[in-house]
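I opened this notebook to record what I looked up, starting from the whole chain and working towards single residues. Each entry keeps to one topic.

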Amino acid sequence: NDSFLLAESTINTELIKNAVTLNNAINGSLTDMESKPGDMLNFTLALKNFGKTDIENGQVKLTIEGPSYKKQSILAWSDIIDKHDGDIVGSQISDTVRGATITWNNKKISDLKKIKAGTEVLVDLQIPIKNSDKTSWNEIENNQIKITSQATFIDSSKTPQTISGNPITIILNSDLSFQVKNDIGSNEKQ
């Protein structure tokens, strides 16, 4: 049971930091956050090319999964503000979760056709959360909105690449408010 070395080789490897990043921000936050019914969600997706060469045929996808009631999203999709008019595809994921993916390509944002070295492409949009008048919030079982994103592009060696942005979870808090009132009056008998 002797072992023998028949051959030996050395491989030099080099770790390369990805030269393209995708960052998600919601209401200025890059991390998990809290919100409540009636709030506006202000999204910014930043696709940045830190590299020394241009990239081509960029596409950005934003996926939002959130609570639903009677198969209706708690997000007011009819009130979305998206100057680039991304393509939206919605789906019912479960009885209590509805999702949507918004996609922008170079037909929607011309800067995605060629993203020059050292530049970035920004996608800004707004989606309101329905308020208590438009949704039965006491029937909502899930209180989280999960945000993910992905970008695809062709690098300088003509190789397709896919990167993911930072995920963000939004915890939905109640819009219930309390008011404490103390009436002080005269209680004298006449």
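**Entry 1: the whole chain.** I note at the outset that this is a predicted model. I first looked up the secondary structure, and the protein has twelve strands and zero helices, so that from the N terminus on its elements read β-β-β-β-β-β-β-β-β-β-β-β. I then turned to burial and found that 33% of the 190 residues are buried. The accessible surface comes to about 12,800 Å², and carbon and sulfur atoms account for 46% of that surface. For the contacts between residues at least 6 apart in sequence, I recorded that 73% join residues at least 24 apart.

**Entry 2: the open sheet.** Which strands form the open sheet, and in what order? I read off three strands, in the order β1-β3-β9, with antiparallel pairing. The edge strands are β1, residues 20-26, and β9, residues 120-128, each of which pairs on one side only. From one strand to the next the twist averages 10°. I also looked at how β3, residues 40-49, is joined to β9, and found nine bridges between these antiparallel strands, with Met-40 standing opposite Pro-128 of β9. As a reminder to myself, strands of a sheet pair through backbone hydrogen bonds, whether parallel or antiparallel.

**Entry 3: the partners of β4.** I followed β4, residues 55-69, along its pairings. How many bridges join β4 to β10, and how many join β4 to β7? I counted eight to β10, in the antiparallel sense, and eight to β7, where the strands likewise run antiparallel. Lys-61 serves as my marker for both pairings, for it stands opposite Gln-150 in β10 and opposite Thr-103 in β7.

Two further partners of β4 are joined to it by two bridges each: β8, residues 114-115, which runs antiparallel to it, and β5, residues 72-73, which pairs in the antiparallel sense as well. In the pairing with β8, Ile-55 stands opposite Ile-115, while in the pairing with β5 it is Ser-68 that stands opposite Ser-73. I checked the turn of the β4 and β5 hairpin, which leaves two residues between the strands, and there Lys-70 takes a positive phi near 55°.

**Entry 4: the nonpolar core.** Which residues have the most contacts inside the largest nonpolar core? They are Phe-43 and Ile-145, in a core of 33 residues. The elements that give two or more residues to this core are β1, β3, β4, β7 (97-104), β9, β10 and β12 (168-172). I then listed the surroundings of Phe-43 beyond four places in sequence, and its contacts are Ala-25, Ile-26, Leu-62, Ile-64, Val-123, Asp-124, Leu-125, Ile-127 and Ile-147.

**Entry 5: Ser-149.** I placed Ser-149 in strand β10, which spans residues 144-154. Is Ser-149 buried or exposed? Its relative accessibility is 6%, and because buried means under 20%, Ser-149 counts as buried. The side chain of Ser-149 makes a polar contact with the side chain of Asn-24, at 2.8 Å. Apart from neighbours within four places in sequence, Ser-149 is in contact with Leu-22, Asn-24, Leu-45, Lys-61, Leu-62, Ile-163, Ser-164 and Gly-165. Asn-24 therefore enters my notes twice, as a contact of Ser-149 and as its side-chain polar partner, and Lys-61 returns here from the previous entry on β4.

**Entry 6: two loop residues.** I looked up Ile-129 in the loop between β9 and β10, and it is buried, with a relative accessible area of 3%. Its C-alpha atom is separated by 9.6 Å from that of Leu-172, although the two residues are 43 residues apart along the chain.

The other loop residue is Asp-85, which I found between β5 and β6, the latter covering residues 87-92. What does Asp-85 touch, if residues up to four places away in sequence are not counted? I recorded Trp-104 and Lys-108. From C-alpha to C-alpha, Asp-85 and Thr-103 are 9.1 Å apart in space, and they are 18 residues apart in sequence. Thr-103 is also the residue of β7 that stands opposite Lys-61.

How values were computed:
Residues numbered from 1 in each chain as written. Predicted model: local features only at pLDDT ≥ 70, side-chain atom pairs only at ≥ 80, totals over all residues. Heavy atoms only, no water. Helix = DSSP H or I, 4+ residues; strand = E, 2+ residues; numbered from the N terminus. Buried < 20%, exposed > 50% of the residue type's maximum accessible area, 1.4 Å probe, protein only. Polar contact = N/O pair within 3.5 Å; in protein donor to acceptor, adjacent residues only side chain to side chain. Contact = heavy atoms within 4.5 Å. Pairing = 2+ DSSP bridges. Axes fitted to C-alpha atoms, helices over the stretch in contact; angles between N-to-C directions. Core = buried A, V, L, I, M, F, W, Y, C linked by side-chain atoms within 4.5 Å. Areas by Shrake-Rupley, 256 points an atom, 1.4 Å probe, with all protein chains shown as cover.
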